[in-house]
Every structure is written in structure tokens, then in C-alpha cells.
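What follows is a report on one protein chain. It goes from the overall fold to the cores, the pocket and a few single residues.

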Amino acid sequence: MAHLTMLNNTDILSSMPPIGGKDTAQHREVVARWRVPMYGKVYEIEFEHGTASGKRVLWIDKREIFRRDWMFKLVGEDMFKLEDKRCIIRVDPLPGFRYSYSLFVDGQSFEQFTESQAKALKTWEAKLGDNFYRIVLEKNTLNIYVNGKLIEENGEFVDGGTDTTFVEDSNTFVLSARTSGNKRDGILHRLTVNGAEVPDSGTIN
């Protein structure tokens with residue numbers, strides 16, 4: 001799967017930081033990792049699967065969400081909530097005592113969900129001094145998120161569209177929406193900070 005990262009134990013031990021102040025890396029058996037965009041944030045989901053013990057552990061942004069030790073059934077589904085979306089991780093058998101891991105979000109496969117999010121969201125990223133900003137526009141709701149936080153500013157009507165101005169750490173951002181004049185392109189969005197245009201990131205990272 002293009003969006004699923006398979007790791008071996010050596011990779012896990014060398015890449016995972018200690019959790020909760022304790023060195024737990026030696027116990028982690030991460031077999032799949034997904035990055036899920038939702039409401040202006042990107043959640044990192046990690047799934048552990050002990051193929052000998054049947055152990056299953058779910059981590060979201062390095063926080064342990066559930067742990068099931070010593071499960072006799074090595075395949076099946078685990079359900080959890082991400083924000084208000086119902087998510088399922090499914091473990092399926094493969095030949096040679098191997099397993100595949102699939103994530104479903106809100107009834108869609110991970111690939112379908114991220115594709116629909118890419119169409120529904122527009123994302124910009126900017127680094128100003130020591131500060132990093134990830135600005136996400138939800139096209140269907142017109143909600144604007146800065147580093148995952150919903151801002152409350154309202155757009156101001158101007159000639160040809162709207163301008164929404166918000167300030168972060170004394171930096172002035174303006175998100176402009178203008179009609180393109182043709183049905184295919186629809187509304188065009190542009191972000192500036194302190195008068196300089198911020199390039200569209202084009203992808204969900």
C-alpha cells in the first residue's frame with residue numbers, strides 16, 4: 001500500500017523516542033503508520049501487532065490509545081474514534097505467516113479519505129523566524145485553521161471576493177478568495193503574510 005509504512009524491529013528501535021519518560025522502545029512492534037489529515041491537523045497513527053502474542057497497541061501522536069495483550073486471534077478489526085470520525089484498523093492474513101494492515105476513516109479507505117481531503121482542503125506552510133505556521137482552509141465550510149486551531153475571524157467583502165485577515169505572533173495573514181471567472185477553476189484562494197505571498201503547499205504532509 002502506498003501510504004502504509006512497514007518497519008522491521010531494527011527500524012523501530014532506532015527511530016522511536018522514549019514514551020512518558022521511560023525507555024519503552026524495546027517493547028514496540030510498530031508494523032504500520034498512517035498520517036491522517038483532519039480539521040486542520042495531521043494525526044500520526046501507529047499500530048503495533050505482536051505476531052507471536054497477538055498484542056495490539058494503537059498510538060495517536062505518540063499517545064497510547066488502547067492496548068490489548070495476548071489475543072489468540074491474530075486477525076480482525078479494531079475500532080476507535082479520531083475527532084468525530086469512526087476509524088477501523090483491519091488486520092488480514094497473507095501467505096507465509098505475514099499480515100496486511102488497512103485503515104478506514106469514516107467509512108472510506110485511507111487512500112479514499114486522503115484523496116477527498118486533498119480536494120476539500122487547501123494548505124499553506126510558512127516559517128517566520130523560529131515560528132512555523134500551517135494554514136488550512138476547508139473549502140466547503142470556509143473554516144480556517146492555524147496549526148490545527150480554528151480561528152474566529154470573518155471575511156470582509158471586497159471587489160471580486162473576500163479577504164480574511166488574522167494575526168499570529170504579530171504577523172499579519174490575509175487569505176483572499178476571488179472568483180476565477182470560469183466554472184472549471186471556481187474560486188481562487190491566495191494567502192499572504194506581511195504582504196508576501198505564501199506558496200500553496202499542494203499536498204497534505
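## Basis and overall make-up

Helices (H or I, at least four residues) and strands (E, at least two) are DSSP runs, numbered from the N terminus. This is a predicted model, in which local features need pLDDT of at least 70 and side-chain atom pairs count only at pLDDT 80 or more, while totals for chains, interfaces and linings use all residues. Residues are numbered from 1 along each chain as its sequence is written, and side-chain values use heavy atoms, with hydrogens and water left out.

The chain has 17 strands and 2 helices. Of its 205 residues, 40% are buried. Buried means under 20% relative accessible area, exposed over 50%, and partly exposed in between (1.4 Å probe, protein chains only). The accessible surface comes to about 12200 Å², and carbon and sulfur atoms hold 50% of it. These areas come from the Shrake-Rupley method with a 1.4 Å probe; for residues, only the protein chains shown count as cover. Contact means heavy atoms within 4.5 Å. Among contacts between residues at least 6 apart in sequence, 33% join residues at least 24 apart.

## Confidence

pLDDT is the predictor's confidence in each residue, from 0 to 100. Its mean over the chain is 83, and 84% of the residues reach 70 or more. Among the elements, strand β8 (residues 108-109) has the highest mean, 97. Helix α1 (residues 9-15) has the lowest, 28.

Over residues 1-26 the pLDDT is below 50. Beyond near neighbours in sequence, this stretch has 40 contacts in the model. Where pLDDT is low, the predicted coordinates should not be read in detail.

## Nonpolar cores

A nonpolar core is a set of buried Ala, Val, Leu, Ile, Met, Phe, Trp, Tyr and Cys residues joined through side-chain atoms within 4.5 Å. The largest has 22 residues. Trp 34, Val 36, Ile 45 and Leu 103 touch the most other members. At least two residues come from each of β1 (30-38), β2 (41-49), β3 (56-60), β5 (76-82), β6 (85-94), β7 (98-105) and α2 (110-120). β1 gives the largest share, 5 residues.

What does Leu 103 touch, not counting residues up to four places away in sequence? Its partners are Trp 34, Val 36, Ile 45, Phe 80, Cys 87, Ile 88, Ile 89, Gln 108, Ser 109 and Phe 110. Apart from the largest core lies another, of 14 residues. Ile 135, Leu 137, Phe 173 and Val 193 are among them.

## The largest pocket

On a 1 Å grid over the protein atoms alone, a pocket is an open set of points where a 1.4 Å probe fits, with protein on both sides within 12 Å along at least five of seven lines; lining residues have an atom within 4 Å of a point. Grid points are joined across faces, edges and corners, and a volume is the space filled by probe spheres set on the points. The largest pocket holds about 360 Å³. It is lined by 22 residues, of which Leu 142, Ile 144, Gly 155, Thr 162 and Thr 164 are the closest to its centre. β14 (161-168), β15 (171-179) and β16 (187-193) are the elements that give two or more residues to the lining. β15 gives the most, with 5.

Leu 142 sits in the loop between β10 (131-138) and β11 (144-146). Its relative accessible area is 57%, so Leu 142 counts as exposed. The C-alpha atoms of Leu 142 and Leu 121 are 9.5 Å apart, with their places 21 residues apart in sequence.

## Strand residues

Val 174 is in strand β15. Leaving aside neighbours within four places in sequence, Val 174 is in contact with Asp 163, Thr 164, Thr 165, Arg 190, Leu 191 and Thr 192. Ile 187 lies in strand β16. Ile 187 is partly exposed because its relative accessibility is 45%. With residues up to four places away in sequence not counted, Ile 187 touches Ala 177, Arg 178 and Thr 179.

Gly 76 belongs to strand β5. On the same count, Gly 76 touches Arg 56, Ile 89, Arg 90 and Val 91.

## Positive phi

Most residues other than glycine have a negative phi. Asp 61, in the loop between β3 and β4 (63-68), has a positive phi near 50 degrees. Asp 61 is partly exposed, at 37% relative accessibility. Ser 170, in the loop between β14 and β15, has a positive phi near 70 degrees. Ser 170 is exposed, at 69% relative accessibility.
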